[in-house]
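This report goes through a set of strand pairings and then turns to a few side-chain features. Please keep the sequence and the coordinates at hand while reading.

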Amino acid sequence: LLLTPGESPQHPHTQPNKILTAETSGIAPALATGIALGVPVVFARKSPPLTMDYTIVKETCPSHTHGKMVDLMVSTEYLRPGDRVIIIDDFLATAQTILALARLTNIAGAQLVGIGAVVEKIFEHGRDNAKHLNVPIESLAVIVNMDDGKIVVE
């Protein structure tokens, strides 16, 4: 199968030109995806660095990891109108971070064309929560339950 830059083998119609993720745990899988698809990676910061310009889009979401609300922000220098974006994250659990990234994409005038996760916890209903976005959702591994100290993979 030969792909042009930005084509996904499962969804060639997506033709992304940007990968979007949240710092920090999403960066590694997003970079791997960016290398595989030949497109640049943009990550949403949780706090503004000194080098970020002041034209940003910002969303707030609950952090599954930290148990509190966090801000996610991206400079409009890197996420622009007309961009075709795939969101990549380490986990798809409740999808709150992914939904916040989707809102950032929309606010920036970009188009969301797909979502990918390394691990999906299907019992936390993230896929159902993101279904209304009407884009392909892919996971590398799906955990169906974690009862009694055992991880059951689909």
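In which sense do strand E6 (residues 111-121) and strand E7 (residues 137-145) pair, and over how many bridges? In this predicted model, E6 and E7 run in the parallel sense, and their pairing extends over 6 bridges. One of the contacts can be named by residue, since Ile115 has Ile137 of E7 as its bridge partner.

E7 also pairs with strand E8 (residues 152-153), here in the antiparallel sense and over 2 bridges. Asn145 has Val152 of E8 as its bridge partner. The two pairings that involve E7 are set out below.

| Strands | Sense | Bridges | Named bridge partners |
|---|---|---|---|
| E6 and E7 | parallel | 6 bridges | Ile115 and Ile137 |
| E7 and E8 | antiparallel | 2 bridges | Asn145 and Val152 |

The hairpin of E7 and E8 has 6 residues between the strands, and within this hairpin Asp148 takes a positive phi near 55 degrees. Met146 is likewise placed in the loop between E7 and E8.

Met146 belongs to a nonpolar patch on the surface, which it forms with Ile122, Phe123, Ile151 and Val153, and the accessible area of these residues together is about 430 Å². Met146 itself counts as partly exposed, because its relative accessible area is 39%, a value that lies between the limits of 20% and 50%.

As for aromatic rings, the structure holds 0 aromatic pairs. A charge does, however, sit over a ring: Lys121 lies over the face of Phe91, at 5.2 Å from the ring centre.

Conventions:
Residues numbered from 1 in each chain as written. Predicted model: local features only at pLDDT ≥ 70, side-chain atom pairs only at ≥ 80, totals over all residues. Heavy atoms only, no water. Phe/Tyr/Trp six-rings, centres within 6.5 Å; stacked < 30°, edge-to-face > 60°. Lys NZ or Arg CZ within 6 Å of the ring centre and 35° of its normal. Pairing = 2+ DSSP bridges. Helix = DSSP H or I, 4+ residues; strand = E, 2+ residues; numbered from the N terminus. Patch = residues over 30% accessible without salt bridge, like charges linked within 9 Å, V, L, I, M, F, W, Y side chains within 5 Å. Areas by Shrake-Rupley, 256 points an atom, 1.4 Å probe, with all protein chains shown as cover. Salt bridge = Lys/Arg side-chain N within 4 Å of Asp/Glu carboxyl O. Buried < 20%, exposed > 50% of the residue type's maximum accessible area, 1.4 Å probe, protein only.
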